[in-house]
Amino acid sequence: MKRTIVPFGPQHPVLAEPLVLDLVLEDEKVIDAIPTIGYIHRGLEAMVDRVEYTEMGFVVERICGICSFMHGMGYCLALESIMSVEVPDRARWLRIIWAEISRIQSHLLWLGLGADAFGFENLFMHCWRMREEILDIFEKTTGGRIIHSVNRIGGVKRDISDSELIAIVARLDGLGKAFEATARVFANDPSIRHRMSGVGVLSMADARAVDAVGPMARASGVRMDTRLAGQNLYDQIEFEPVLETAGDCLARVVVRMREVRQSIDLIHQMVDKMPKGEGLPLENKPRGNPSGETFTRLEQPRGEVVYYVKANGTKYLERFRARTPTFANIPAMIKLVKGCDLADVPNIILTIDPCISCTER
Amino acid sequence: MSFFSKSPWILHYDASSCNGCDIEVLACLTPLYDLERFGVVNTGNPKHADILLITGSVNERNIDIIRNLYRQMPDPKVVVAVGACACSGGIFARAYNIQGGIDKVLPVDVYVPGCAARPESIIDGVVQGIGALEQKRRKSA
C-alpha cells in the first residue's frame, strides 16, 4: 500500500511545545514515527562554564516551568552532597512539602491538557481552575507562580509558618473534595472511556523493556518510584506508589488522578511529622568551592529524573547533566504510536505527559 | 478603545521557552483570567490568526519556523513577545544556542516582561496588541 508521511509539529494545536514527529501512514494506520528534536534546545547544561555554581540553580530551575521546583531542589541536593552540607531539618521537610504541592499542580495541568486533547474543553477549564488554587499557595509561600527560586544550596530561602501550613492543608482538603467531582467524570464518562480505554496499551514486560518511568510505568503495573528509596525523608512517612495494571491511556489518567489524592495525603503526614516552631534554622551556608562528583535522583511528576554534577574546585562546575523523565519515556511513546490510528496519536502523545523543554534543555 | 472592529485571534508558538510562559499563556484562557472576554480566541492555524504570541528566544533550529508562521498570517498582523526570553534572551542569553530575542527575526509590536510573565501582564500585552492591530488596520484601509 502507498505510504504517506504526515508531519506532526513543531507547531501543533494539541501541544504547546514543539515536538516533531514524522508519522509514516498506511491508510489510517501509523507504521512508523520518527522524532526530531532541537527546536527548543538552549544549551543549558553548557552554561556551567559561564555561570557560577551559586547562580546555576536559577538556570537549572528554568529547565522546565512545570516542575521548576523539583529541578531547583535536585540541583541543590547534588551540590549539598558534594560539599557535605547538612541541611536543617525544617528546610528538608519544607522542600518535600513544596515538591508534593508541585506534583499536584503538574498533574492537574496535565489532566486539563489531556482533556483538551480528546476534545473535552469544559473539563480542561475545570482542571485549570483547580490548579489556580495551587498556584495561589505557591505565590503566597514562595512569591512566584511558576518559577519559585526558594531552594538554596544548603537549605531554603523562606519559611512557611505553622499556622500557614495548617491553612494550606485545609485548603488542599477543600481542593481534594472539589477534585472528586472532576475525577468522577474522568473515570466514568462514556465518551472519555471510548477515546482512552484500550488505546495505546503498554504491557508490563514492554514497560520494563523500554525503561518507562513514572506514571507511565506505574500505569502498566511496574512498581517503580524513586521515593521508595526512602531518600529525602520519604522513609519517615507511609508511602506506597499508585499502581494500575491496564497499561492503556485511561490507566495513565487514573494513576495521575490517584496521585493527586495521594499527594494531599502525603502533605498531611509531612505537616504532622515536621519540627514545629518559629525561627528554626533554614539554611547552612556552604563554604568554599565544590570539588567531586555525584548523582542525585528525584521522583518528578513525570517520573525519575537523574542529575549528574562534576565539580573541580573552582566556582564553575565542570559538568552538569540532567536525564529527564520525558527523555526516558520517548521510546515507550514511539512504541505505542506504531500501529495506532492517526486519530489516537494526540492522545497517546499526551498520556506520556511530554515535556519537550525538559528533554532538549 | 471603546470597541474592537473584529475579534482578534491569537496564534501561540513556543520558540525555546521553558514552558513557564506557555502555561501562563494557557492560564490566561481559563476561567480565572478569561482572555476570551476580549473576543480573543486561541487558534492553531496561522492563516486564521491576527496576533502572534511568541514565548522563548530564537535559536538555530526554530528561526525558519518563526519566519514561516509569520509569513502565513494575513495582514495586518501583530507580534507580541511574551517573557524575558522572548524580549532579550533572558537568563539564557549566554547559552550557546540562543541568538537573542524575537526581534532578531520579526518586528515586535509589544514586549511583555517577566520570568515567567504573569497572566495579568500577558493580558495587558494582548490588549495593547489589539490596539496596535487597530492602528495598522486603519493605516492600511
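Two strands count as paired if DSSP finds at least two bridges between them. The exercises below apply this to a predicted model.

**Exercise 1.** Establish how β6(A) and β7(A) pair, and over how many bridges.

*Solution.* Step 1: locate the strands. In chain A, β6 covers residues 291-300 and β7 covers residues 303-312. Step 2: apply the criterion. At least two bridges are needed, and these strands are joined over 10 bridges, in the antiparallel sense. Step 3: check one position in the ladder. Phe295(A) has Tyr308(A) of β7(A) opposite. Step 4: inspect the connection. Two residues lie between β6(A) and β7(A), and the two strands form a hairpin.

**Exercise 2.** Follow chain A from β7(A) to β8(A) and describe the pairing and the turn.

*Solution.* Step 1: β8 of chain A spans residues 317-323 and pairs with β7(A) over six bridges, in the antiparallel sense. Step 2: within this pairing, Ala322(A) of β8(A) is found opposite Tyr307(A). Step 3: the two strands form a hairpin, with four residues between them. Step 4: in that turn, Gly313(A) has a positive phi of about 90°.

**Exercise 3.** Give the strand order of the open sheet in chain B and explain why β2 and β7 are its edges.

*Solution.* Step 1: the sheet has five strands, in the order β2-β1-β3-β5-β7, and the pairing is parallel. Step 2: β2 (41-43) and β7 (110-112) of chain B each have a single partner strand, so one side of each has no neighbour in the sheet. Step 3: from one strand to the next, the twist averages 30°.

**Exercise 4.** Examine the pairing of β3(B) with β5(B), then place helix α4(B) relative to the sheet.

*Solution.* Step 1: β3 (residues 51-55) and β5 (residues 78-82) of chain B run parallel and are joined by five bridges. Step 2: one bridge links Ile54(B) to its partner Ala81(B) in β5(B). Step 3: α4 of chain B, residues 119-140, packs on the sheet and touches β1 (9-14), β3, β5 and β7 of chain B. Step 4: the direction of α4(B) makes about 165° with that of β5(B).

**Exercise 5.** Describe the contact between chains A and B, with attention to the side of chain A.

*Solution.* Step 1: chain A contributes 35 residues and chain B contributes 32 residues. Step 2: on the side of chain A, the elements giving two or more residues are α1 (53-61) and α4 (121-142). Step 3: the largest share, four residues, comes from α4(A). Step 4: sorted by class, this side of chain A has 20 nonpolar, eight polar and seven charged residues.

Methods: Residues numbered from 1 in each chain as written. Chains lettered and ligands numbered in written order. Predicted model: local features only at pLDDT ≥ 70, side-chain atom pairs only at ≥ 80, totals over all residues. Axes fitted to C-alpha atoms, helices over the stretch in contact; angles between N-to-C directions. Contact = placed C-beta atoms within 7 Å. Nonpolar A, V, L, I, M, F, W, Y, C, P; charged D, E, K, R; others polar.
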